[in-house]
Amino acid sequence: MLVLIPIMLAVDFGGIYHWSQYIAAIGILLAAALAIPGLTDSTASSGLRQHAVLLPLGVLVLWAWLQSAALPAGLVAWLSPGSYAAYTQWLAGFDVGSGADAVGPGNTAASFVSLSVSPHDTAHVASVLTLMLPLCWAASVIFHARSRLMMLLSAIAIAGASVAILGLYRKLDPTADLWIFQPKPNAFGGFVNRNNAALMLNFGLAASLGLMSWRMMALHQVEVDTPEFEFNDLLALISDRESLVGLISGTTCTAGLLVNGSRGGLVAALFGMAVAFGYVRPRRGLISLPVLIVVMAISVTILITPMNLNLESLQRWEVLTGDASTLQSDGRMLHWQDGWRAAKAYLPGGAGLSAYAYAYLPYQDVSPSWWYEHADNLWLEMLVETGVVGLAVAASLLAILLIALNRLAVSVDPIDQGLRVAGWYTITAIIVSQFFDYGLVLPANLIAALLLGTAIISRDIANGGGGASGFAPAHDERPDESMDGAAAPPARFRLRLGSRRWAPGRARLFNRVGSTTLAVSVIAVAAMALPHLRQDAITDSLLSRLNDEYARWQLNPDALAKMEEVLRQRNQVDSSPLLLTRLATVQRDRAHLAEAREWRPQSDSEMRAVYQQTDLSSRSRVYPPDTSTQRRDSLSSWQHYTDAWKTSLDTLRICPLAQEPRGSLLRLFPIIASDADESPPLTRQPKLVAHAAAEQLLVFYHGNPARQFALGQASLVRGDLEAAAQGLRSAVKKSPALTSPVMKLLRDNLALDVATVIPHDSDVMQLAAAEYLQWEKIDPEFLRTATEAIRCDDGDSLESRARCEALLGQIYFVLNNVAEAQRHYQQSIRLAPKQAGHRVEFIERLLQHHLKSEALLEARRGRQTLADDPKFQQYIDQIAESERTQSVPTDTVPTIDRSQLDALLEESPR
């Protein structure tokens with residue numbers, strides 16, 4: 001049962017669904033219960049020391065449950081300042097909770113809060129980890145004897161091979177329609193993410209190497225990580241029937257690693273090979289590593305070339321192809337900076353297991369636009385979520401495993417050598433790959449790793465642990481049988497510094513009673529977590545069904561009413577933030593349908609028009625409908641809108657850093673605020689709620705300029721100029737391409753000062769100034785600021801620098817600084833002498849300022865440089881014509897007395 005669980009979970013999307021975890025939990029408890037009679041067998045139990053893995057694992061489980069519990073706020077402020085800030089500073093402006101536990105404008109500190117910023121998610125992971133306690137206990141008993149270690153290694157090897165086979169089959173037939181295949185480009189085998197699948201492939205390869213090492217030690221008395229090892233010894237196993245599983249699984253897993261596209265998986269495999277085959281030893285060096293790589297590559301090429309597959313992992317390897325989508329350019333390393341900033345904020349207690357997706361949001365600075373549900377670095381994610389406790393647990397587990405592996409090195413039992421090779425490979429692969437992935441948190445990978453690690457520790461204790469320097473077989477295992485029927489080993493392998501003695505009867509009784517008590521305890525504790533897993537599984541299944549069918553029933557009021565009823569009933573049992581988020585969505589949609597009917601449309605086409613005009617995302621009708629015949633609070637739509645408002649606030653109470661509830665509050669604000677003059681509002685200050693939601697969402701969407709622009713635009717419509725300026729400024733700073741639509745908004749909304757929105761960034765300021773010069777009303781102060789911010793020397797080409805200089809010249813002309821304007825235009829012409837546009841624009845500006853001589857000189861230069869362009873000759877002719885037809889200035893014409901002129905005309909002869 002234990003060895004089948006990771007195989008089944010690997011096929012079922014790695015065990016990410018809660019129902020899979022619940023069924024696996026039942027299997028684990030059943031296997032643990034069936035393993036209790038094994039305590040009477042001396043080959044299955046050597047005392048409490050074989051369960052050493054339970055100590056650090058139990059500390060982690062206890063810490064996870066503690067993180068999900070409500071603790072005094074003062075204690076949380078000391079253990080995790082970031083979590084305390086999430087429940088106080090980040091809930092300021094909202095009315096959540098009640099009484100002394102309320103967090104809002106009037107009470108900014110709750111009396112009890114959680115260490116976790118998402119207690120529900122942390123409690124679920126704590127339940128899953130609790131089930132790992134009986135799993136490790138049962139594995140320690142079952143795999144204490146050498147006969148069952150072969151089954152464990154074979155099962156893990158088969159698990160990795162099954163993932164590889166499914167992935168290869170999907171590559172061969174992309175139209176395959178099995179329920180485990182996901183239409184995602186990064187999916188592989190039964191895993192949604194290829195990096196997660198690569199970890200299971202590495203586990204399978206580790207177990208395969210362990211099996212082959214066991215057979216080679218049994219047949220040739222040669223260890224794979226000693227200087228005496230030759231690679232042809234490994235090839236000799238082809239003729240051994242019992243090595244067939246290892247050979248086939250190892251080759252298949254290697255093919256899967258090359259095909260699935262995970263660079264981290266390949267790097268982990270290379271490191272794992274180097275350690276497992278002893279190439280890190282000083283006496284070995286690296287001279288044989290190319291031989292190993294070539295032989296493995298030839299084997300894999302023979303396997304996959306007829307299948308017309310491509311080596312996607314190698315093609316995506318940056319060293320070979322320079323693919324743009326690499327570790328350096330996919331944003332992962334940038335995000336690690338924000339993850340480290342978040343880790344420091346939550347030290348020493350952490351933000352709560354499984355809460356990383358929310359924990360890092362307030363500390364973003366350089367992350368790309370998407371939402372990081374994981375850090376793509378398990379060690380960084382563990383530091384953020386568990387703090388120093390997680391580091392201590394990981395260090396202690398690693399220390400226990402390394403000590404056990406070093407002790408197994410002196411064993412002459414071939415199975416111990418195979419287990420040691422598999423262990424070294426597994427540890428190395430986990431350490432390396434999880435710098436680029438988070439696959440160990442998936443139940444399939446986690447269970448496989450714990451089974452192998454527990455077996456290593458238990459087998460070490462079976463050999464005597466720290467009390468033996470050589471191998472002494474158990475009293476009922478004859479040495480001849482322990483060597484798998486092979487010839488007796490040389491004397492140097494049979495060193496024994498002391499014979500193993502039976503412990504006194506009292507000690508044996510103590511160990512047996514202690515082991516039984518431990519077994520009953522871990523099973524009982526895990527059984528207490530089973531109902532929690534069942535409730536989570538029911539909720540997860542309900543939400544999955546609603547998500548799949550929601551589009552069909554979204555416009556059916558009866559179906560929406562039934563959904564709301566079911567979700568409300570479910571919320572009484574399980575207060576999941578995802579459940580409340582779906583409930584708020586259903587309530588908003590019910591309100592939307594009800595309001596459309598309350599406008600009394602006379603036809604179906606009018607009903608559709610009203611429905612579109614009352615959409616919360618792009619509303620064009622003012623709420624409420626005609627209320628002359630009834631009170632507002634009697635409207636069905638008003639009741640549903642207020643229910644959605646309250647549900648969104650309730651979601652923030654249990655998940656203070658969630659994004660969706662804040663977005664829901666912003667969409668509902670125009671409806672809620674419309675009631676401010678008629679009845680007490682739902683919150684003391686609805687505008688404060690909307691302003692806080694907008695400002696915080698701007699932080700949460702720090703790397704998403706499109707969302708920041710939308711938030712700024714919505715804030716501008718709402719009249720929140722402060723949030724609007726912040727959102728629009730952040731949007732153009734992240735994406736200068738948004739400068740033009742931002743400037744159009746500012747042109748239509750003069751209440752928002754352009755100087756407060758446009759940052760002092762050269763690229764953004766150039767675009768903004770070019771748009772601003774087209775406005776009717778221009779603030780010279782902003783143009784002066786633009787001249788200080790624009791840096792033309794930063795241009796990436798001569799053309800861009802020339803355009804920048806021409807823009808500065810245009811700005812200085814508007815500011816009536818002709819000398820500076822001429823200097824920048826002349827610089828623009830020098831940078832791009834073949835560009836006629838800059839010369840023409842310069843001549844036009846000179847003529848507008850009545851500088852004809854300068855314009856004529858520039859036109860002649862243009863005619864000389866660009867002889868084929870007739871525009872410059874036209875300017876020369878235009879200026880010459882204006883000179884010829886120019887009238888004499890009025891102040892040079894003599895004044896004529898009309899009376900004297902008439903007298904002279906009368907006296908003249910006729």
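Q: Which residues form a negative surface patch?
A: Happily, this one can be read straight from the predicted model. Asp counts as negative, and a group of Asp residues makes up the patch. The residues that form this negative surface patch are D761, D763, D794 and D796.

Q: Is D796 buried or exposed?
A: Let's place the residue before judging its cover. D796 sits in the loop that runs between helix 33 (780–789) and helix 34 (798–814). Its relative accessibility is 74%, and exposed means over 50%, so D796 counts as exposed.

Q: Which residues does S762 touch, not counting residues up to four places away in sequence?
A: S762 belongs to helix 32 (residues 762–772). With a relative accessible area of 10%, S762 is buried. Leaving out residues up to four places away in sequence, S762 touches A789, I790 and R791.

Q: How many salt bridges does a search of the whole structure find?
A: A pair counts when a side-chain nitrogen of Lys or Arg is within 4 Å of a carboxyl oxygen of Asp or Glu. With that cut-off, the number of salt bridges found in the whole structure is 18.

Q: How many residues apart along the chain are R619 and E595?
A: R619 and E595 form a salt bridge, with their closest N and O atoms 2.1 Å apart. This pair links distant parts of the chain: R619 lies in the loop between helix 24 (604–613) and helix 25 (636–654), while E595 lies in helix 23 (residues 577–598). Along the chain, the two are apart by 24 residues.

Q: Is E595 buried or exposed?
A: Its partner R619 is partly exposed, with a relative accessible area of 23%. For E595 the relative accessibility is 0%, and buried means under 20%. E595 therefore counts as buried.

Q: What is the N to O distance in the salt bridge of R839 and E858?
A: Here the two side chains come from distant parts of the chain, R839 from helix 36 (residues 836–848) and E858 from helix 37 (residues 852–865). R839 counts as buried at 5% relative accessibility, and E858 counts as buried at 5% as well. In their salt bridge, the N to O distance is 3.2 Å.

Q: Which residue forms a salt bridge with D793?
A: D793 counts as exposed at 62% relative accessibility. The closest N and O atoms of its salt bridge are 3.8 Å apart. The partner, which is partly exposed with a relative accessible area of 23%, is R801.

Q: Which residues are linked in a network of salt bridges?
A: This network brings together Arg and Asp side chains. The linked residues are R146, D413, D416 and R459.

Q: What separation do the C-alpha atoms of I431 and W379 have?
A: I431 is part of helix 18 (residues 414–433) and is partly exposed, with a relative accessible area of 35%. Not counting residues up to four places away in sequence, I431 touches W379 and L398. Although I431 and W379 are 52 residues apart along the chain, their C-alpha atoms are separated by 8.8 Å.

Q: What is the approximate area of the nonpolar surface patch made by M1, L30 and L34?
A: One member of this patch, M1, is found in the segment before helix 1 (4–11). At 44% relative accessibility, M1 counts as partly exposed. Together, M1, L30 and L34 make a nonpolar surface patch of about 300 Å².

Note on methods: Residues are numbered from 1 along each chain as its sequence is written. This is a predicted model: local features need pLDDT of at least 70, side-chain atom pairs count only at pLDDT 80 or more; totals for chains, interfaces and linings use all residues. Side-chain values use heavy atoms; hydrogens and water are left out. Patches are made of residues with over 30% relative accessible area and no salt bridge: like charges are joined within 9 Å, nonpolar side chains (Val, Leu, Ile, Met, Phe, Trp, Tyr) within 5 Å. Accessible areas come from the Shrake-Rupley method with a 1.4 Å probe; for residues, only the protein chains shown count as cover. The place of a charge is taken as NZ of Lys, CZ of Arg, CG of Asp or CD of Glu. Helices (H or I, at least four residues) and strands (E, at least two) are DSSP runs, numbered from the N terminus. Buried means under 20% relative accessible area, exposed over 50%, partly exposed in between (1.4 Å probe, protein chains only). Contact means heavy atoms within 4.5 Å.
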